[in-house]
Every structure is written in structure tokens, then in C-alpha cells.
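Work through the following exercises with the sequence and the model side by side, and try each task before reading its solution.

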Amino acid sequence: MSSDDGIAAAAAGLEADVAIVGASLAGSCAALLLARGGLRVAVLERARFPRPRICGELLSPDGVAVLGRLGVLPAVRAAGAATIRRFTVVGPSGSRVESTLPAPALSLSRERLDELLARAAADAGARVAFDAPVVGVDGSLSDGFVVRTPGSTLRARAVLGAWGRYSPLDGRLGRPFFRARASLFGFKKFLRGPAAHLEDRAILHLFRGGYLGLSLVEKGRVSLGALATPAVAQEAHHAFDSLLGRLTAESPALARDLRGLVPEPGPTLLSEPVHLGRRDPCAGDVLLAGDAAGVVDPYTGAGMALALRSGEAAAALLREYLAGELPATGVTAAWRRRHRRLAGRQLFFSRLLRPFFLGGAASRLLVPAAAPLARLAAVVTRGPV
Ligand SMILES: Cc1cc2nc3c(=O)[nH]c(=O)nc-3n(C[C@H](O)[C@H](O)[C@H](O)COP(=O)(O)OP(=O)(O)OC[C@H]3O[C@@H](n4cnc5c(N)ncnc54)[C@H](O)[C@@H]3O)c2cc1C
């Protein structure tokens, strides 16, 4: 996979059938399927992979099913993905709700998973360009698009935006959520040490001001991904050890689960603002997939699967359009309909159940008797396996 190839091609005015912005889960999944279908695909990615991502890294069973359909599951397992069958939610008062997932989930660091998928897309024939931030997208499905990175221009018949939950492009395209004040941020750290209690299990701890998830990834690393208020996220960024000290003093259950685990050296990653919920899955004639099309609350552990499933669905629709089975004027309406069918229920229920997971008063209702509710939440906030 060569970033230089992609950039050089773009600079030479490459014509692509589909330009994809973002090479992470939604983008690479769509790129792989479109390239396998014989289309000319260019993927422009701002970062250079491998790179860490702020995420709990638990891929729910419906996401595992997509990896199976893409044919990359053997590579993901070979990279050391841990299997997770059990899920525990620990309330702020220490009460635990245990549930078993309907099918096994996988846990692999986003460094590895995103790189694997981008490589599979490149192997299928997509041109993947790293260090290629898209700064502008102009045009329409009827007239074609021009996609700009600093210093290069790419022409494409269709554009898929897979740039995640928050990008300057959202502002340039006038998407309303971009101007709203965000009340939540994510942060991320890897830990090392004794983690037998995390074999086959992911644990979500709720605390005042947010929640954090713990799961094992490859090479015995423990992934800690959290969503929190700005104040807690800032504390994590500047004084991670003291934040953990405070939270473990408040929660003996968290203290037990973190005993002996030591943060890896390096800064705690802090996310861009996290605007949860439904969004228009189109910006003009640009189709959007993954978080760019709507952000499901991370407590569900469903965002990665939704990114993959929406990448798959967007690729199917774009194939129909490019094969002449759908007129340019019908594409965005069809995508809004299909995206609502794909993600509407998950976005609705993840929002409805959010008060139970944000560590406030409703979280105290999370007692062992709530296990059926937790199982129901696991079903209604995830896609079909
Ligand atoms: C704290 C937290 C914990 C989470 N835990 C989990 C979990 O355990 N399980 C789960 O399933 N989900 C989890 N999620 C959600 C999950 O991380 C996202 O749903 C998922 O990453 C979405 O994938 P994506 O492909 O849509 O976008 P992303 O993974 O966000 O990727 C977008 C890509 O686009 C690139 N990009 C952005 N702008 C541009 C541009 N202008 N030009 C070119 N490239 C650009 C970025 O560099 C990036 O590589 C969590 C989220 C948070 C915040």
C-alpha cells in the first residue's frame, strides 16, 4: 500500500469512479467492495496508518459478521484479536450487571484493525493515499465531483464521506451539528499488567461524569477507552494517573479491575468533540457512512460495526448507481432511506438508554435485577448478526 502512488495519481488529475474520504472502517470497507466490483476507487486519508484511534476497540458480533463477508477475518484473528463473549456493566455504586453476548465479539487495537482493512482495500485494487487531508469537495452526482487535498485535485463520479464523527469538512459543508457546543469528549490509553479478569470479557465502568471500557487486545495490552465531560477528559489528558487515583478511590470495583495495570508511556489521547446521535447521511450529493452519517453512543460497543455495515451498504448503492440502475436524482433519497433502515433503531435506542450509562442518577438504577434490561439494550442497540 503506497501513499505516494495515490497522491501522485491524484496530482496528475486521476479520474476515479468513487473518491472516498477517510480510510478507516467505513471507508476501507466500501473501498474494498467497490474495487472488487471492478470500479476505480481512490481513498484519501488524512493520517498515516498505523495510528491509534480513540475507541474501546470492542467489535460487536454484527461487525465480526461483516469482516467474515469481506474475507478478512482470518487476518484479523491472526493479528491476535481477543474473543469476547461476556459483557459486564459496573454502576457507580459498584453494582454489576452481567450479560452474555448473542455471538462472540472481537477486540483488536485500531492500529492493527484499520491498517488491515486499508491494506485489504489496496490489495483489492483501491488506490489508498495517506497524509492526504481532503480540504474541499465540490460538485454533484449529475456533473461529477472535484475533491481537493493541499496541492492535488481528484475528479470523481461519486464521493463517499467516511471521515468519522468530526472533521473540519463538516464545518465547510455547513453541517449543523458542527457549530453546536459538545458536552462530551473521548480519551484513550493502553495499560499493561495482569489481566486474567479480562479474558473473554469486556467491562464498562460508569462514574460521575462518564464511563470507561476495559478490554484485552492483542499482545496482552489492555485498552481503556472512555467518554466523559470536558472537565474529566481534560483531567485525563493532563493528569491521567491522578484521574485514575480519584476514580479508583470512588469505586472499589474499578480499583479491583485496574489492580496491577500500569499505563503505557506516552500521552493520553483526547478526542475531538463527540456529538452523539442522528445526522443527515448526505451532505449535498456526497453520501456519508460510518460516524460521519450518525454517531451511536459508545457504551453500546456498536459504532465500529455500524461503520462497517454502512460502508457495505453505501458500496452496494454506489455500485447500482454507477451501473446505471439508479438515476443521479434518486441516489441521496435512496441512501437516506437505506441508512435509516440500517441505523435508525440503533441510534434511537442508544439515545433513549443513554441516561443509564452517563454515571448520573439513572445509573443508580443499574442493579443486578436490571440484567434483562442490559440484555435488551445489547439487542436493540446492535445490528443483526
Ligand atoms: C471513547 C469512545 C469509545 C468507543 N468504543 C467503541 C467500542 O468499544 N466499540 C465500537 O464498536 N465502537 C466504539 N466507538 C465508536 C467507534 O470508534 C466509531 O464508531 C468508529 O471508529 C467509526 O468508524 P468510521 O470509519 O466511521 O470513522 P473513524 O474511525 O473516525 O475514521 C475516520 C477516518 O477519516 C479520516 N479523516 C477525517 N477527516 C479527513 C479528511 N478531511 N480528509 C481525509 N481523511 C480524513 C481520519 O483520519 C480517520 O482515519 C467508540 C468511540 C469513542 C469516542
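The chain of this predicted model holds twelve helices and 19 strands.

**Exercise 1. The chain as a whole**

Find what share of the residues is buried, and what share of the contacts joins residues that are far apart in sequence.

Solution. Begin with burial: of the 385 residues in the chain, 52% are buried. Then turn to the contacts with a separation of 6 or more, of which 76% are between residues 24 or more positions apart.

**Exercise 2. The shell around the ligand**

Describe which residues and elements surround the ligand, and sort the shell by class.

Solution. First, the shell consists of 44 residues, and the closest to the ligand are G22, G56, G164, G290 and G303. Next, look for elements that supply at least two residues each, which are helix 2 (25-36), strand 3 (58-59), strand 13 (222-228) and helix 10 (303-322). Among the contributors, helix 10 gives the most, with four residues. Finally, sorting the shell by class gives 24 nonpolar, 14 polar and six charged residues.

**Exercise 3. The largest nonpolar core**

Identify the residues of the largest nonpolar core that touch the most other members, and then follow the contacts of A121.

Solution. It helps to recall that in soluble globular proteins nonpolar side chains tend to be buried together. Here the largest nonpolar core has 124 residues, and those touching the most other members are V18, A19, A30, V41, V43, A121 and L160. Helix 10 provides the largest share of this core, eleven residues. Taking A121 and leaving aside its neighbours within four places in sequence, we find contacts with S28, A31, L32, A35, V43, A126 and V128.

**Exercise 4. Two helices that cross**

Work out how helix 2 and helix 10 pass one another, and which residues make the contact.

Solution. Start from the axes of helix 2 and helix 10, which come within 7 Å and cross at roughly 35 degrees. The crossing of these two helices is right-handed. From helix 2 the contact uses L25, A26, G27, C29, A30, L33 and L34, while helix 10 brings M304, A307, L308, S310, G311, E312, A314, A315, L318 and R319. By class, this contact has twelve nonpolar, three polar and two charged residues.

**Exercise 5. Helix 3 and its surroundings**

Decide how well helix 3 is covered, and find what its buried residues pack against.

Solution. Helix 3 spans residues 61-70 and is mostly covered, since seven of its ten residues are buried. These buried residues are P61, D62, G63, V64, V66, L67 and L70. They pack against helix 2, strand 3, helix 4 (73-78), strand 5 (96-107), helix 5 (110-123) and helix 10. After helix 3 comes G71, with a positive phi near 85 degrees.

**Exercise 6. Unusual backbone geometry**

Locate the cis peptide bond, and explain why D131 counts as partly exposed while K219 is exposed.

Solution. As background, most residues other than glycine have a negative phi, and most peptide bonds are trans. The bond from F49 to P50 is cis, with omega near -5 degrees, and P50 is found in the loop between strand 2 (41-44) and strand 3. D131, in the loop between strand 6 (127-129) and strand 7 (136-140), has a positive phi near 50 degrees. Because D131 has 15 C-beta neighbours inside 10 Å, it counts as partly exposed. K219 lies in the loop between strand 12 (210-216) and strand 13, and its phi is positive, about 60 degrees. K219 has 11 other C-beta atoms within 10 Å, and therefore K219 is exposed.

Conventions
Residues are numbered from 1 along each chain as its sequence is written. This is a predicted model: local features need pLDDT of at least 70, side-chain atom pairs count only at pLDDT 80 or more; totals for chains, interfaces and linings use all residues. A residue is buried if 20 or more other C-beta atoms lie within 10 Å of its own, exposed if 12 or fewer, and partly exposed in between; C-beta atoms are placed from the backbone. Two residues are in contact if their C-beta atoms, placed from the backbone, lie within 7 Å. A residue is near a molecule or strand if its C-beta atom, placed from the backbone, lies within 6 Å of it. Ala, Val, Leu, Ile, Met, Phe, Trp, Tyr, Cys and Pro count as nonpolar, Asp, Glu, Lys and Arg as charged, and the others, Gly among them, as polar. A nonpolar core is a set of buried Ala, Val, Leu, Ile, Met, Phe, Trp, Tyr and Cys residues joined through C-beta atoms within 7 Å. Axes are lines fitted to C-alpha atoms, for helices over the stretch in contact, and angles run from 0 to 180 degrees between N-to-C directions. A crossing is left-handed if the near helix is turned anticlockwise from the far one by less than a right angle, and right-handed if clockwise.
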